[in-house]
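Welcome, and thank you for taking a look at this protein with us. Have the view ready to turn, and we will walk through it one part at a time.

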Amino acid sequence: MRLTAFLSMAARVVIPKDYRYGTNRPWTAAAKRRNPPGKKRRKVFVEPIAAEDWPVFRGDTVEILAGKDKGKQGKVVQVFRHRNWVILGGLNTHYRYIGKTSDYRGTYIASEAPLLLRSVALVDPSDRKPTEVEWQFTEEGERVRVSVRTGRIIPKPIFERRDGIVPQQWKDGPKDTSPEDTLEKTYVPSLKTLEEEVMEKLGIQENRRHRQSYWY
């Protein structure tokens, strides 16, 4: 087993069976405050959706079908598959105070609340209207999303990392290590010590040997 895989297994968070997922990651302090050890929370029933059948991804444009922002379109910024939630940037917002104390009223901020997956519909890029989608295979064997209403393929959004880099569009610069250099095997295993390898590299001959010692 590779060391990276072993370390990732050691750092993996163990989630209790009755854990109630929210918008915070399970290992954060906010999630631990909502799910303290020994506390039983009301079970939430979530419609099971297979990972390969999930229709909406981060970066997709969707339209809200119910709620105060019904009819508005926005981009998906977060996806929570354990609760069938999606968060749209700048939509379905609620306002609250944070940092409130006895002598300070706090800071008034706006935050996006999650929406159920059935409350949004994917927007067909051909006519900018909401549509249902289904997964189909192309002649090349690629699995794609197809609009039920128009029959057009809706491509997956381009994945963008948090630092703004798109891996598919990245071009190596003069200071970047090429994949060939990264995969090149330069280490030769040896039973020699570091001192012996240095002496061999420098051409130093050592004929002295340790005198035998006996322990009684």
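Is Arg-128 buried, partly exposed or exposed? Arg-128 is partly exposed, because its relative accessible area is 47% and the class of partly exposed residues runs between 20% and 50%. Please keep in mind that this is a predicted model.

**A turn and its hairpin**

Arg-128 is a good place to begin. This residue sits in the loop between β7 and β8, and its phi is positive, about 60°, although Arg-128 is not a glycine. The two strands on either side form a hairpin with four residues between them. Strands β7 and β8 pair in the antiparallel sense, over three bridges. If you look along this pairing, you will find Val-123 opposite Pro-130 in β8.

Another residue can be read in a similar way. Asn-92 is not a glycine either, yet its phi is positive, about 55°. You can find Asn-92 in the loop between β3 and β4. With a relative accessibility of 16%, Asn-92 counts as buried.

**The sheet around the hairpin**

Now step back to see where the hairpin belongs. Six strands make up an open sheet, in the order β6-β3-β2-β1-β7-β8, with antiparallel pairing. The edges are β6 (115–116) and β8 (129–131), each of which pairs on one side only.

Strand β7 covers residues 120–124, and five of its five residues are buried. Besides β8, which it meets over three bridges, β7 pairs with β1, again antiparallel and over three bridges. Here Val-62 stands opposite Leu-122 in β7.

Moving on from β1 (residues 61–64), you reach β2 (residues 73–80), which runs antiparallel to β1 and is joined to it by three bridges. Within this pair, Glu-63 has Gln-73 in β2 as its bridge partner.

At the β8 edge, look for Thr-131, which is placed in that strand. Thr-131 is buried, as its relative accessible area is 6%. The side chain of Thr-131 makes a polar contact of 2.9 Å with the side chain of Ser-147.

**Charged pairs**

Side chains of opposite charge can pair when their charged atoms come close. How many salt bridges does the count give? The count comes to six salt bridges. Three of them are set out here, with the distance between N and O atoms and the relative accessible area of each partner.

| Salt bridge | N to O distance | Accessibility of one partner | Accessibility of the other |
|---|---|---|---|
| Arg-143 and Asp-53 | 2.9 Å | Arg-143: 29% | Asp-53: 38% |
| Lys-72 and Asp-69 | 3.4 Å | Lys-72: 41% | Asp-69: 11% |
| Glu-200 and Lys-192 | 2.4 Å | Glu-200: 52% | Lys-192: 38% |

The pair of Arg-143 and Asp-53 links distant parts of the chain, 90 residues apart. Arg-143 belongs to strand β10 (residues 143–147), while Asp-53 is in the loop between α2 and β1. Both ends of this bridge are partly exposed: Arg-143 falls in that class, and Asp-53 does too.

In the bridge between Lys-72 and Asp-69, Lys-72 is partly exposed, whereas Asp-69 is buried. For the third row, Glu-200 is exposed and Lys-192 is partly exposed.

**Two pockets**

Rolling a probe the size of a water molecule over the atoms shows where empty space is left. Which residues lie closest to the centre of the largest pocket? They are Thr-23, Arg-25, Gln-78, Val-79 and Phe-80, out of 17 lining residues. The volume of this largest pocket is about 470 Å³. Its lining has seven nonpolar, five polar and five charged residues.

The second largest pocket has a volume of about 390 Å³. Its lining is made of 19 residues, and those nearest the centre are Gly-22, Thr-23, Asn-24, Arg-34 and Trp-85. Two or more lining residues come from each of α2 (29–34), β3 (85–88), β4 (93–98) and β5 (107–112). Sorted by class, the lining of the second largest pocket holds seven nonpolar, six polar and six charged residues. As you turn the model, look for Thr-23: it is among the residues closest to the centre of the largest pocket, and it is also among those nearest the centre of the second largest pocket.

How values were computed. Residues are numbered from 1 along each chain as its sequence is written. This is a predicted model: local features need pLDDT of at least 70, side-chain atom pairs count only at pLDDT 80 or more; totals for chains, interfaces and linings use all residues. Side-chain values use heavy atoms; hydrogens and water are left out. Two strands pair if DSSP finds at least two bridges between them. On a 1 Å grid over the protein atoms alone, a cavity is a set of points where a 1.4 Å probe fits but cannot get out, and a pocket is an open set with protein on both sides within 12 Å along at least five of seven lines; lining residues have an atom within 4 Å of a point. Grid points are joined across faces, edges and corners, and a volume is the space filled by probe spheres set on the points. Ala, Val, Leu, Ile, Met, Phe, Trp, Tyr, Cys and Pro count as nonpolar, Asp, Glu, Lys and Arg as charged, and the others, Gly among them, as polar. Buried means under 20% relative accessible area, exposed over 50%, partly exposed in between (1.4 Å probe, protein chains only). A salt bridge is a side-chain nitrogen of Lys or Arg within 4 Å of a carboxyl oxygen of Asp or Glu. A polar contact is a pair of N or O atoms within 3.5 Å; within protein, one must be able to donate a hydrogen and the other to accept it, and residues adjacent in sequence count only if both atoms are side-chain atoms.
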